[in-house]
Amino acid sequence: MNAKHLLHDLFSRAKGEPFRVVYWDGSSGCYGDEGEPVFTVKLLKPVDIGAFIENLALAFGEAYMNGDIEVEGDLADLVALALRNIALESSWRSMGMFRFVRRVTGGKRRSLKQQQKDVAAHYDLGNAFFRLWLDETMTYSCAFFRTPDDTIEEAQRNKLDYSLKKLRLRPGERLLDIGSGWGALILRAAEQYGVYAMGITLSQEQYNASLDAIKARGLEDRVQVRLQHYQQLADEGVIFDKIISIGMIEHVGKPHLKEFVRCVRKLLAPQGVALLHHITLRTPTPEYAQHTVSWEQKYIFPGGYIPTLPEMLGHLSEQGFIILDVENLRPHYRLTLDRWSERFEQNVAKVREMYGERFVRMWRLYLRGASAAFRVGTHGVHQTLVSKEVVDSLPLTRADICP
């Protein structure tokens with residue numbers, strides 16, 4: 001059976017929005033439900049069917065990046081349809097066509113040097129790149145929308161305050177931000193809540209920008225940023241009244257999750273509380289997928305691993321943490337990614353000039369694919385509030401957070 005017939009067989013099993021495929025020989029077919037196609041996939045060259053069988057998502061992503069595949073319509077619609085039909089790849093495996101390929105980097109322990117390299121691969125692309133499409137605070141994580149009409153600037157400020165309010169900060173307390181990005185949260189914590197804030201990051205670019213922002217606001221006496229790993233900080237024996245980590249746990253890696261939670265416990269004061277904000281998978285990664293490199297791991301987040309909520313809660317419970325509050329912000333992340341995509345496309349000519357067309361297509365696929373994952377619900381984003389001991393000083397309700 002040739003490549004075209006195999007692809008036709010695969011597409012014919014898809015259920016959901018109608019779509020059209022134009023093959024390299026000029027022929028075409030309509031698939032999915034009846035109706036006007038929501039998007040069209042153009043296969044400009046014969047595909048490497050072996051690569052598609054080994055790892056469908058990786059092969060498609062690389063073909064799209066290379067310009068061998070074009071998509072007319074929203075890439076997020078294509079990815080959403082694929083996620084809803086994820087069992088298709090399983091059907092190919094049952095035909096004896098799937099082979100285990102590369103090991104997942106998130107599935108083995110990584111040295112500190114490797115962790116630093118993995119972080120740099122994503123965050124050290126250059127502050128100029130991220131400034132093109134992030135908001136003015138350079139906040140690169142799920143925003144919080146009080147209404148769908150909020151701007152990304154409003155929603156990111158909402159998220160910073162919403163997260164800090166969950167900690168019930170008091171003036172004079174010491175706050176640690178693990179994975180502090182470009183420093184927006186530690187700056188706001190010091191200015192608006194009167195705390196002494198420290199941020200740690202493994203990104204040189206983020207560290208440099210944070211230092212500049214601290215000096216520009218004259219906050220050197222209340223805000224500090226370090227280019228340091230959380231384990232190194234924990235080994236110093238310092239403690240903090242409150243700890244927060246937003247969008248960093250995804251970079252820790254499965255073998256290091258227990259170690260990360262242990263370090264948070266070591267860094268937290270006895271009556272302190274910590275807020276952990278991270279992406280979650282709805283269901284555990286299938287065993288076969290744990291032995292393959294995903295497109296996102298190879299090109300966007302090397303070394304990354306997304307846990308399920310029960311997996312993360314299990315590590316917290318094993319370390320003796322008390323779970324105080326858990327909230328899923330999934331719809332907010334889809335809105336965030338849609339806003340980022342819009343801003344990215346508005347500046348795509350500048351991105352192309354900086355990094356080239358392949359990079360543009362890679363990041364477009366990442367942003368739209370991520371939006372699709374939160375739309376379909378394969379991914380969520382949870383905020384979990386925890387304490388080491390029973391803390392009776394917290395309010396009985398959330399009224400002080402969302403009045």
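The buried residues of helix α4 (buried: under 20% relative accessible area, with a 1.4 Å probe and protein chains only) pack against β1 (19-22), β3 (39-43), α3 (56-65), β4 (69-72) and α17 (357-376). Helix α4 spans residues 75-84, and Leu 75, Ala 76, Leu 78, Val 79, Ala 80 and Leu 81 are its buried members. At the start of α4, a side-chain oxygen of Asp 74 comes to within 2.9 Å of the backbone nitrogen of Ala 76. Helices (H or I, at least four residues) and strands (E, at least two) are DSSP runs, numbered from the N terminus.

The model is predicted, with local features requiring a pLDDT of at least 70 and side-chain atom pairs a pLDDT of 80 or more, whereas totals for chains, interfaces and linings use all residues. Residues are numbered from 1 along each chain as its sequence is written, and side-chain values use heavy atoms, without hydrogens and water. The protein chain has an average pLDDT (the predictor's confidence in each residue, from 0 to 100) of 90, and 91% of the residues score at least 70. Over residues 92-105 the pLDDT is below 50, and this stretch has 39 contacts in the model (heavy atoms within 4.5 Å) beyond near neighbours in sequence.

Strand β11 (residues 379-387) contains Thr 384. Thr 384 counts as buried because its relative accessibility is 2%. Apart from neighbours within four places in sequence, Thr 384 is in contact with Ala 274, Leu 275, Leu 276, Leu 309, Leu 313, Leu 316, Ile 323, Asp 325 and Val 326.

Enclosed and open spaces were computed on a 1 Å grid over the protein atoms alone: a cavity is a set of points where a 1.4 Å probe fits but cannot get out, a pocket is an open set with protein on both sides within 12 Å along at least five of seven lines, and lining residues have an atom within 4 Å of a point. The structure holds one cavity of 30 Å³ or more. The largest cavity has a volume (the space filled by probe spheres set on the points) of about 480 Å³. Its lining comprises 32 residues, of which Gly 179, Ser 180, Gly 181, Ile 246 and Met 248 lie nearest the centre. Helix α6 gives the most to this lining, with three residues.

The second largest pocket holds about 300 Å³ of space. Among its 16 lining residues, Glu 136, Thr 137, Ala 184, Leu 187 and Arg 217 lie nearest the centre. Helix α9 provides the largest share of this lining, five residues.

Terms used
Buried < 20%, exposed > 50% of the residue type's maximum accessible area, 1.4 Å probe, protein only. Polar contact = N/O pair within 3.5 Å; in protein donor to acceptor, adjacent residues only side chain to side chain.
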